[in-house]
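Biologist: I'd like to walk through this model together. Can you take my questions one at a time?

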Amino acid sequence: MAIPAYLPSDYIPGESERLSWYKKLAMAQKEEDLSNLREELLDRYGKLPNEVKNLLEGVRLKIWMRKLKIPRIEADENSALISFDQESRINFDYVIEQVKSNPKKFRLTPKQELVYWFQDKEQKFEELRRFFKEIEPQG
């Protein structure tokens, strides 16, 4: 997504320290790991700038993508293009049902990618995270 998502040098001054944090964030496997890192950032550096909040939300989406085996997401201001493959662990029946019942929100492309139109452009990360929870297979 084309939004600022990084660790600013005025938030974490040392370059090697910032690189260390990027590595920690990249290694987060669960939302709990990410929550712990968020708390550590708050404790050590104070209030999170928007760029850091965006970075954390991006990492959260990556965690969900790994969990559901979603290979790729491309997003712009208005929508996200979500790619699936044979390995994807999602409730495909639910996705098809949503496409049929919400044509203003969802569309399948000829390549079987899902177009998801954001309802609230200020809450893109939250919308995608909610959608990922909805398409996660139960059981």
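Modeller: Sure, and let's settle a term before we start: a contact here means heavy atoms within 4.5 Å. Keep in mind that this is a predicted model.

Biologist: Then which residues does Ser79 touch, leaving out those up to four places away in sequence?

Modeller: Ser79 sits in strand β2, which covers residues 79-83. Apply the contact cut-off of 4.5 Å between heavy atoms, and skip residues up to four places away in sequence. What remains for Ser79 is Glu74, Val115, Tyr116, Trp117 and Phe118.

Biologist: Is Ser79 buried or exposed?

Modeller: Buried means under 20% relative accessible area. Ser79 has a relative accessibility of 15%, so Ser79 counts as buried.

Biologist: Let me zoom out. In what order do the helices and strands come along the chain?

Modeller: The chain has five helices and four strands. Reading from the N terminus, the order is α-α-α-β-β-α-β-β-α.

Biologist: And what share of the contacts with a separation of 6 or more is between residues 24 or more positions apart?

Modeller: The chain has 139 residues, and 37% of them are buried. Among contacts in the chain with a separation of 6 or more, the share from residues 24 or more positions apart is 57%.

Biologist: Now the charged side chains. How far apart are N and O in the salt bridge of Glu40 and Arg44?

Modeller: Both Glu40 and Arg44 belong to helix α2 (residues 31-45), and they are four residues apart, about one turn of the helix. Glu40 is partly exposed because its relative accessibility is 28%, and Arg44 is partly exposed too, at 47%. A salt bridge needs the side-chain nitrogen within 4 Å of the carboxyl oxygen. For Glu40 and Arg44, the N to O distance is 3.5 Å.

Biologist: How many residues apart are Arg129 and Glu57, which pair up in the chain?

Modeller: Arg129 and Glu57 form a salt bridge, with their closest N and O atoms 3.4 Å apart. The pair links distant parts of the chain, since Arg129 is in helix α5 and Glu57 in helix α3; the separation is 72 residues.

Biologist: Is Arg129 buried or exposed?

Modeller: The cut-off for buried is under 20% relative accessible area. Arg129 has a relative accessible area of 13%, so Arg129 is buried.

Biologist: Which residues are linked with Arg129 in a network of salt bridges?

Modeller: One partner lies in the same helix: Glu126 and Arg129 are both in α5, three residues apart, and their side chains meet at 2.3 Å, N to O. Glu126 is partly exposed because its relative accessibility is 23%. The network that holds Arg129 also takes in Glu31, Glu57, Arg60, Glu126 and Arg130.

Biologist: Let's turn to pockets. Which element gives the most to the lining of the second largest pocket?

Modeller: That pocket holds about 240 Å³ of space. Its lining has 11 residues, and those closest to its centre are Asn54, Glu122, Gln123, Lys124 and Phe125. Two helices, α3 (50-68) and α5 (124-135), each supply at least two lining residues. With three residues, the one that gives the most is α5.

Biologist: Last one: which residues make the nonpolar surface patch of about 280 Å²?

Modeller: Start with one member, Tyr22, in helix α1 (residues 15-27). Residues of a patch need over 30% relative accessible area, and Tyr22, at 31%, is partly exposed. The patch is made by Tyr6, Leu19 and Tyr22.

Notes: Residues are numbered from 1 along each chain as its sequence is written. This is a predicted model: local features need pLDDT of at least 70, side-chain atom pairs count only at pLDDT 80 or more; totals for chains, interfaces and linings use all residues. Side-chain values use heavy atoms; hydrogens and water are left out. Buried means under 20% relative accessible area, exposed over 50%, partly exposed in between (1.4 Å probe, protein chains only). Patches are made of residues with over 30% relative accessible area and no salt bridge: like charges are joined within 9 Å, nonpolar side chains (Val, Leu, Ile, Met, Phe, Trp, Tyr) within 5 Å. Accessible areas come from the Shrake-Rupley method with a 1.4 Å probe; for residues, only the protein chains shown count as cover. On a 1 Å grid over the protein atoms alone, a cavity is a set of points where a 1.4 Å probe fits but cannot get out, and a pocket is an open set with protein on both sides within 12 Å along at least five of seven lines; lining residues have an atom within 4 Å of a point. Grid points are joined across faces, edges and corners, and a volume is the space filled by probe spheres set on the points.
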